[in-house]
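Subject: Structure for you to look at

Hello,

Here is the structure I promised to pass on. Please open it beside this email and follow along; my notes come after it.

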Amino acid sequence: MEGELWTSGVTTVTDVRQTDSIVSRLFRSEHGGHEQVVLCQDRDSGLKAVIALHSTALGPGLGGTRFFPYANEDAAVEDVLNLSRGMSYKNALAGLDHGGGKAVIIGDPDLHKTEALLLAYGRFVASLGGRYVTACDVGTYVADMDVVSRTNPWTTGRSPENGGAGDSSVLTAWGVYQGMRAAAQVKWGDPTLRGRRVGIAGVGKVGHHLVEHLLDDGAEVVVTDVRAEAVDRVRARHPQVTAVTDAGVLVRTPLDVYAPCALGGALDDDSVPALTASVVCGAANNQLAHPGVEKDLADRGILYAPDYVVNAGGVIQVADELHGFDFERAKAKATKIFDTTLAIFERAAADGIPPAAAADRLAEQRIADRTPSERWLRPTAG
């Protein structure tokens, strides 16, 4: 295991090669060591959800709620285990006093999302007494969190009208841009994307904000998205942006930077050999399709900015909401993603390991350094 650590990145449950059950894996620290996993079901509303707490060493678990039509329940459990572990690392490197938590609701949000279901989900989160703080993720939005907050005081990502911070994708994009600037500093000696060609795969919640930052910085931008309307929206506002048909075409397009900003697994055995970019930095979670991909990137001389580091602006924003949201304060914290990313690149170079492994080591160090006397006390629902 120790000999493989430097190539592993954040280990996911699906990386485990044994054929044992998911439940048995929960108690094996080398597979993530989750503290608590809760299965939630409300027959009246049709709610089926899973809440996973990976670690509360740094504070209450904080992470979004994903509403997604999983193929089966096992796929949902695997996803929430992977995502919650990633949140422990993300929150640690973001400097937050929060551990890693995540939730998934099983179903098609366009078909199954109702007020009754969201209220039932809020009751389940509230039953954890503040150990898990929820927010938006794929398939859930600010309006949904407003509903959830009616039965759960530990809800962030609410609308400003309801005391929240609103759309967290604003600072997610800002943080990705800061990570990209740090990569430019290391790769080209200057923390700017001016004159660089950046390809963005996915111009939805986060991607379209990232386009704005890059154009303001003087970059040339190429985009793609599975939804034609998302591309049309960007090009209507910025006619100078170029569009290509799909992500497969984008990775083969001459680029300086490739930014995966859709769903995970974008960096795999097909895309990495085809990449023309010398930097990869994007907003998508779990970009590395399997362990070893980060080494493949390094072997090709491609600088990879770990996804859970650079996309932490959103969780910084919703965490600030818990203290009475101040946008400028949250933005200042998200701007520090530049420094964190630089520190990871420096650690990777010093240790002779890929940046993904360096990020893991730094996150694990922060979690381990927190002594039991400093651990959080259960908050009260004020």
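Two strands count as paired if DSSP finds at least two bridges between them. With that in hand, look at strand β3 (residues 61-68) and β4: 6 bridges join them, and the two strands run parallel. Please keep in mind throughout that this is a predicted model.

Overall make-up

The chain contains 16 helices and 11 strands. It has 382 residues, and 56% of them count as buried. Take the contacts between residues at least 6 apart in sequence: 66% of these join residues at least 24 apart.

The five-stranded sheet

β3 and β4 belong to an open sheet of 5 strands, in the order β1-β2-β4-β3-β5, and its pairing is mixed. At the edges are β1 (36-42) and β5 (132-136), each of which pairs on one side only. On average, neighbouring strands of this sheet are turned by 25° against each other, with direction ignored.

What does "mixed" look like around β4? As a reminder, strands of a sheet pair through backbone hydrogen bonds, either parallel or antiparallel. On one side, β4 has β3 as its parallel partner. Strand β2 (residues 47-55) is also joined to β4 by 6 bridges, but this pair runs antiparallel.

Some individual positions help to find the register. Ala103 in β4 is the bridge partner of Thr65, and Ile51 also stands opposite Ala103. Leu53 stands opposite Gly101 in β4.

Is β4 mostly covered or mostly open? Mostly covered: 7 of the 8 residues of this strand (residues 99-106) are buried. Helix α2 (residues 73-93) lies across β1, β2, β3 and β4, and runs at about 155° to β4. An angle over 145 degrees counts as roughly antiparallel, so α2 is roughly antiparallel to β4.

The six-stranded sheet

There is also an open sheet of 6 strands, with the order β8-β7-β6-β9-β10-β11 and parallel pairing. Its edge strands are β8 (242-243) and β11 (303-304), and each pairs on one side only. Within this sheet, strand β6 (residues 197-201) and strand β7 (residues 220-224) run parallel and are joined by 5 bridges. One place to check this is Gly199, which stands opposite Val222 in β7.

A pair of helices

Next, select helix α6 (residues 169-188) and helix α14 (residues 327-335). Their axes come within 9 Å and cross at roughly 30°. Because an angle under 35 degrees counts as roughly parallel, α6 is roughly parallel to α14. The crossing of α6 and α14 is right-handed.

Which residues make the contact? From α6 they are Val170, Leu171, Trp174, Gly175 and Gln178, and from α14 they are Phe327, Ala330, Lys331, Ala334 and Thr335. The residues of this contact divide into 6 nonpolar, 3 polar and 1 charged.

From β10 to α11

The last region is the loop between β10 (279-280) and α11 (293-299), where Asn286 is found. The phi angle of Asn286 is near 50°, a positive value in a residue other than glycine. Gln287 is found in the loop between β10 and α11 as well.

Are these two residues buried or exposed? Buried means under 20% relative accessible area, and exposed means over 50%. Asn286 has 33% relative accessibility, so this residue counts as partly exposed. Gln287 has 0%, so Gln287 counts as buried.

Leaving out residues up to four places away in sequence, Gln287 touches Pro260, Gly265, Ala266, Leu267, Val280, Gly282, Tyr304 and Asp307.

Leu297 lies in helix α11. This leucine is buried, because its relative accessible area is 0%. With residues up to four places away in sequence again left out, Leu297 touches Leu267, Val272, Leu275, Val280, Leu288, Ile302 and Tyr304. Leu267, Val280 and Tyr304 therefore appear in the contacts of both Gln287 and Leu297. One of the residues that Leu297 touches is Leu275; the two are 22 residues apart in sequence and 9.3 Å apart in space, C-alpha to C-alpha.

Those are the notes.

Regards

Technical notes: Residues numbered from 1 in each chain as written. Predicted model: local features only at pLDDT ≥ 70, side-chain atom pairs only at ≥ 80, totals over all residues. Heavy atoms only, no water. Axes fitted to C-alpha atoms, helices over the stretch in contact; angles between N-to-C directions. Helix = DSSP H or I, 4+ residues; strand = E, 2+ residues; numbered from the N terminus. Parallel < 35°, antiparallel > 145°, perpendicular 65-115°, else oblique. Left-handed = near helix turned anticlockwise from the far one by under 90°. Contact = heavy atoms within 4.5 Å. Nonpolar A, V, L, I, M, F, W, Y, C, P; charged D, E, K, R; others polar. Buried < 20%, exposed > 50% of the residue type's maximum accessible area, 1.4 Å probe, protein only.
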